[in-house]
Amino acid sequence: MVTTGFLEPMELSVAHLGEKVVLEPPRAAPARFDATGLEVSQHWATSADGTRVPYWQVGPADLPADGTTPTVLHGYGGFEHALTPAYDPVVGRAWLASGHVHVVAGIRGGGEFGPRWHRAALGPERHRAYEDFVAVARDLVSRGVTSVERLGCTGRSNGGLLVGNMLTGYPEDFGAVVCQVPLLDMRRYHLLLAGASWTAEYGDPDDPAQWEWLWTYSPYQRFDPSRPTPAVYLATSTRDDRVHPGHARKMAALLEEHGRDVTYWENTEGGHGGASTAAQWATWHALAWAFLHERLAG
């Protein structure tokens, strides 16, 4: 359950002192949305190689198991960065307040279980992160939480590479994709901005042997015109100084060339965060969540 607001003072009996003391909990920030009726639960999906992968689900306590609930699955899966449940007022107001479900996946490549969890999806084993993520997606459908048509996924930066692989590698498993400040062309990523510093994570595309497996998770190269793709929202920043906006630009152009449902937005400021002011940050979030409402809940 998401708990917000102020806690009432509690009386505590101290038997050996023969007196009562009053505990006053520290102050808390005010609630940003009404969390009444929401609950948080942890579940496990089984990946392609048999590994159990955790995910955390936030949604209505009385969620119907009939596959009708619009659901968004979020992930990262890289650089030993762990995703864990946290209070997010933007997700709350923009998604949960409408009775929808939000899910965070703890896939390999991240740090949810320490360095070994990270190393399990490095270089030639990167596919494990993507197999983990789609395993969670399929588990949500099999449990009746949602359906493919009502299931979306979101990711930023390395998470953009993750959902880019859902777009071109597992397009039949999602109804919509939000891909922000992403890496998508792994053939040239190391030549752009900070990309050369990530070869230990992904591999070196100039090495023919490494390119053989890098290609298998390069969304731009993996695009197959004969396969359908879910609706996709691509967002980037002109001034992104880490992941070059060219990744998102060329993927949008490729999808548009083949008549796919693609929405593209580029902010001229903001760096890798995508926004530099509160107003820009509000727009950044509003556009993505409006897209998801339209495609999954409309």
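This passage walks through the sheet, two helices and the nonpolar cores of a predicted model. Residues are numbered from 1 along each chain as its sequence is written, and side-chain values use heavy atoms, with hydrogens and water left out. Local features need pLDDT of at least 70, side-chain atom pairs count only at pLDDT 80 or more, and totals for chains, interfaces and linings use all residues.

Start with the sheet. Helices (H or I, at least four residues) and strands (E, at least two) are DSSP runs, numbered from the N terminus. Here 8 strands make an open, mixed sheet in the order β3-β4-β6-β5-β7-β8-β9-β10; two strands pair if DSSP finds at least two bridges between them. At the edges sit β3 (38–46) and β10 (262–267), each pairing on one side only. Strand β9 (residues 231–237) runs parallel to β10 over 6 bridges, with Leu234 opposite Tyr264 in β10.

Now for helix α4 (residues 158–169). An expected span is 1.5 Å times one less than the number of residues, so its 12 residues should cover 16 Å, and the end C-alpha atoms are indeed 16 Å apart. In α4, 12 of 12 residues are buried, meaning under 20% relative accessible area (exposed is over 50%, partly exposed in between; 1.4 Å probe, protein chains only).

One of those buried residues, Met166, also belongs to the largest nonpolar core, a set of 47 residues. Such a core consists of buried Ala, Val, Leu, Ile, Met, Phe, Trp, Tyr and Cys residues joined through side-chain atoms within 4.5 Å. Met166 is among the members touching the most others, along with Leu73, Phe133, Val136, Phe174 and Tyr202. Helix α3 (residues 127–142) gives the most to this core, 8 residues.
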